[in-house]
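This report describes selected structural elements of one protein, taking strand pairing, helices, nonpolar cores and cysteines in turn.

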Amino acid sequence: MNKPAKTSLVGRPAPLVDGIEKVTGKAKFTGDLNTHDALVGRILRSPVSHGHILGIDTTHAEALDGVEAVITGKDCDKTYGVIPIAMNEYPMARDRVRYRGEPVAAVAARDAETAAKALDLIELDIEELTACYTPTESRAADAPRLHDNKPGNLEREVHHTFGSTTDGFVEADLIREETFDCAEINHAQMEPHAALAEYDAERDRLTLHSVTQVPFYVHLTLARCLDMDSSKIQVVKPFVGGGFGARTETLNFEIVTALLAHRTGGKVMMQLSREETFLTHRGRPNTQVKLKIGLAKTGKITAVDCEVLMSGGAYAGYGLVTILYAGALLQGLYDITNIKYDGYRVYTNHPPCGAMRGHGTVDVRHSFEAILDRMARDLNLDPFTVRRANLLQAPMFTSNGLMVNSYGLDECLDKVEHASDWAKRKGKLGKGHGLGMACSHYVSGAAKPVHWTGEPHAVVSMKLDFDGGITVFTGASDIGQGSSTVVALAAAEVIGIDLARIRIVANDSVVTPKDNGSYSSRVTFMVGNAAIEAARAMRAKLIDAAAELLDTDPDSVKCEGESFFVQGSSQSELGFHEVAIAALAKEGTINVKGTFTTPVEAQGGKHRGGAVGSTMGFSYAAQVVEVSVDEDTGQISVDQVWAALDCGFAINPLAVEGQIEGSVWMGMAQGLCEETNYLRGLPTHTNLTDYRFPTIEDSPPIDVQIVESIDPLGPFGAKEAGEGALSGFPPALANAVADAIGLDANFLPLTPDRVLEALIKLRRAKRRKEANT
C-alpha cells in the first residue's frame, strides 16, 4: 500500500485517545476495580528450588474463621502453556516443585490479614532434591531430570544451516570468534500483577479481569484448566501499566484466581506483591553466545557460525520460540549467504523465562554487532562502511525464507552518521570518551500465530447508529503502545471524518472480536490493516447514501472533513449527519467488519521451525551512542543517543517517537545495569531498589529520526516501531566503551564492578605483553 498522497490525520502527531484518562488518574487498572464484595486471594509458594511434594495439609487453614476456600495442585490436573505442544506447567505444583516461589496452594478469605494467617497454617511436607541453577549443572551427566521426558534437561535444540559456512570461512580475509555472556533480566513493568475473577454458579459463567496482553490466550487456558465451555467465559482487559512481554502468556495467578472464584461461587481479587511479580517472571533468559564471523577485506560478511545456550528456567513457556528467534533473526538485517546456527534451551531450577521486548534476538544481536565493530577495527574499516557493505536489496527473501519488502537501513545509517557528526568525532573525543554504533531490526508481527485456528489474524468491526457516532470494536490489547489510537486514526482517515467521532471499545470477549493479542509488534500491521478494511466498508455505505442524495454515481462522490460532495460540481455539500441518517434509513444500524490474514509467502521457510521469525515486514534501526567512562570506578555515563528507525510510515509520529525512546531506554537499562540474581534459587532482586535500572537522572538526550520506507503490505505503508531499536543499544554502548577506554567487553550488563575488573585484567595483560617483548 502506498503512502497516501494527502492525509488529514495519519502521519501527523496525535495525542493518544486514552491519554486523558491516564494523566488525570481516571484510568481503571485491574487493581483499581471495585472489590468491596470480593474475597482476597493469596498464594502459598514453595520454599525450595526442587523437591517432591509428600503432602500438603490444609486442615487448619480451612478451619480458620473467614477462610472461604483453600486449593492445591490436586484441584487442577490440567497443564497449561502458551505453546500447544509444550504445556508442562500446572497452575499449582503437583507432585514436584521446580523453582523457589512456585505456587503450591492458594486461599480465598474475607480480608488480607485472614488470608495471610491461612497461608501460615498450611503445612507443607517437601522432600528436597538436588537443584540445578545453571545450564552446566543441568547438563551434567549426573544431573536430576527436571522433566521426565527431557533427557539432559534439554527443552529444545535447534540446528539450522543455510549455504556453506565452510566455503564462506575459506573466502574470508579475517575470521573472529568470541563468546558473550548476557545476564537474565526482568520486565520490571510499573504495574504489579493482578486479577479479579467472578463466578456465577447459577449460570455457570466466569468473568476474569486481568493485566494480560493476550486475553484470547487467557480465555483458552481458563476453559482448559477449569474444564469449562469457552462460551461460559468472559475475559476483560482493563488499562494495563506496562507489559513488555511479561504478560504475553497466561500466568499462574490468573488461573489460580479463577479456580478460587469457581470454588467459592463468588468474586476473588488477587493482587501480587512486587516480589511475587518478580517470581512470576517470564523475563529474558541468561544467554551465552558463541559467535564466529568471517569478513572479506571489503567488509562483506562471508560466513556466520552461531551457538546459543539459554537458561530457560523450570518450565517451557515461550522457550522453543525464543531459541528459534535467536537463530532466525541472524538473517533479515544484512545480506548473509552462509549461516550455521545451533541453539540449546536448557531447563534450570529458576522461575521460567519467556518473551521480553525484542523477544529472542537482543543478546545475539548484541554479540553480532560487537564483533562486527571489532573486525572493522582490525581491517581498518569504519563501522558504517562495514554495515553498508552488507545491505540487503528489497524486495527479496533471505536464505531461511524471510520476506523483506521494504528496507530503510541505509537511510537510518545516513541519518545517525550525520546527526552524530561521526566522521569528525569518532576516536577524537579524548581519553574516557567514545562513540559507538550498531544496527538492529525486528518483526512486524509473527506471520503464524501461536494457536493456529485458520481464522484471520485480526478482525475489527464498526458500528454506525442513530447518534451519528462510529464505534470501533477491537480485541487488540492497548498496553500503552498506542494501538487503540492507531485503530482510531485509521478509521477516521479512511472514512473521512473527525477523530472525535470515533469511539474505541476494546478487550471484552463478550463484545469485541477475537484478537490474538499484543506480542511480536503485530497490532499496528495486522489490526491496522483490518481497521482500514472495515473503514472502507463503512465509507462505501456512506458514499452510496450520499450518491442517492446527490443523484450521482458513487464513484463521483468525495468525502473530506465530514463533507460529501461531487468534485467540480456546483451542488451543495452534504454534512455527515445528513448522510448518516440517509444510510441508516436504508438498513438501520450499520455493522461492518474488516479482517487481515498474513499472505502465505510471508509465513517463513519450509525447514523445521521456519515459521518463527517470519513476518510481513521488518523494522530497521541504526543508532550511535556517546559515553563517558571513569576508569578509576568503572562507571559509565551515557551522554547522548542518536537513533533512527525505519517504521515504514509513521501513522502517529508522536507515538513512534515515544516507542523509539522507550526501546532505547530499555536497551540502555539492559546494557548498563539490569540483571536478576539468585542465591541457591532465592531471588535477591525482587524489589525496584535491588533490581537496578536507570532513572530519569540517568537518561540522556535521545535524538530520534524517523525513516519511512513505505511497506507495500503495511497499513498506509507502516511497520512496527516498538522493538526494532532496542537490540541495537547494548552493542552500540559496548562499542562506545571500547572507543573510550580500549576495553572490549563480552558481558552484559556493563556494571561498574564488572568494567573495573575487566580493566584490571586488561592492564595486567598489557604489562605481561610489554614484559615479554
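Which residue in strand 6 is the bridge partner of Ile53? The bridge partner is Ile126. The model discussed here is predicted.

**Strand 2 and its partners**

Strand 2 covers residues 51–57 and pairs with strand 6 (residues 123–128) in the antiparallel sense, over six bridges. Strand 2 is also joined to strand 4 (residues 96–97), again antiparallel, by two bridges. In this second pairing, His52 has Arg96 of strand 4 as its bridge partner.

**A three-stranded open sheet**

Strands 22, 23 and 24 form an open sheet in the order 22-23-24, and the pairing is antiparallel. The edges are taken by strand 22 (557–560) and strand 24 (574–575); each has a single partner strand, so one side of each has no neighbour in the sheet. Strand 22 and strand 23 are joined by four bridges, and Glu560 stands opposite Ser563 in strand 23. These two strands form a hairpin with two residues between them, in which Gly561 adopts a positive phi near 55°. Strand 23 (residues 563–566) pairs with strand 24 over two bridges, and here Ser563 has Gly575 as its bridge partner. Ser563 thus appears in both pairings, opposite Glu560 and as the partner of Gly575. The two faces of strand 22 can be told apart: Val557 and Cys559 make up the covered face, while Lys558 and Glu560 make up the uncovered one.

**A four-stranded open sheet**

A further open sheet has four strands in the order 18-26-27-30, with mixed pairing. Its edges are strand 18 (433–443) and strand 30 (702–707); since each has a single partner strand, one side of each is left without a neighbour in the sheet. From one strand to the next, the twist averages 15°. Strand 27 (residues 636–646) pairs with strand 30 in the parallel sense over six bridges, with Ala643 opposite Val704 of strand 30. Helix 12 (residues 409–419) lies across strand 18, strand 26 (618–629), strand 27 and strand 30, and runs at about 20° to strand 26.

The strand pairs described above are collected here.

| Strand pair | Sense | Bridges |
|---|---|---|
| Strand 2 and strand 4 | antiparallel | two bridges |
| Strand 2 and strand 6 | antiparallel | six bridges |
| Strand 22 and strand 23 | antiparallel | four bridges |
| Strand 23 and strand 24 | antiparallel | two bridges |
| Strand 27 and strand 30 | parallel | six bridges |

**Helix 15 and Val523**

Helix 15 comprises 28 residues (523–550); at 1.5 Å a residue it should span 40 Å, and the 38 Å between its end C-alpha atoms agrees with this. The helix is followed by Asp551, which has a positive phi near 55°. Val523 belongs to helix 15 and is buried, with a relative accessible area of 6%, which is under the 20% cut-off. Apart from neighbours within four places in sequence, Val523 contacts Ala476, Gln481, Ser483, Gly517, Ser518 and Gly528. Val523 and Gly482 are 41 residues apart in sequence, with a C-alpha to C-alpha distance of 9.8 Å.

**Nonpolar cores**

The largest nonpolar core has 71 residues, of which Ile301, Tyr334, Phe368 and Leu409 touch the most other members. Helix 10 (residues 362–378) supplies the largest share of this core, seven residues. When residues up to four places away in sequence are not counted, Phe368 touches Leu291, Ile293, Ile301, Val304, Leu330, Tyr334 and Ile336. A second core, separate from this one, holds 59 residues, among them Val472, Ile495, Ala534 and Ala547.

**Cysteines**

How many disulfides does the structure hold? The number is zero. The sulfur of Cys132 has its closest cysteine sulfur in Cys353, 15 Å away, which is too far for a bond because a disulfide requires sulfur atoms within 2.5 Å. Cys132 has 2% relative accessibility and therefore counts as buried. Cys412 is likewise in no disulfide, and the nearest cysteine sulfur, that of Cys439, lies 8.1 Å away. Cys412 is buried, with a relative accessible area of 0%.

Definitions and conventions:
Residues are numbered from 1 along each chain as its sequence is written. This is a predicted model: local features need pLDDT of at least 70, side-chain atom pairs count only at pLDDT 80 or more; totals for chains, interfaces and linings use all residues. Side-chain values use heavy atoms; hydrogens and water are left out. A nonpolar core is a set of buried Ala, Val, Leu, Ile, Met, Phe, Trp, Tyr and Cys residues joined through side-chain atoms within 4.5 Å. Buried means under 20% relative accessible area, exposed over 50%, partly exposed in between (1.4 Å probe, protein chains only). Contact means heavy atoms within 4.5 Å. The expected span of a helix is 1.5 Å times one less than its number of residues. Two strands pair if DSSP finds at least two bridges between them. Axes are lines fitted to C-alpha atoms, for helices over the stretch in contact, and angles run from 0 to 180 degrees between N-to-C directions.
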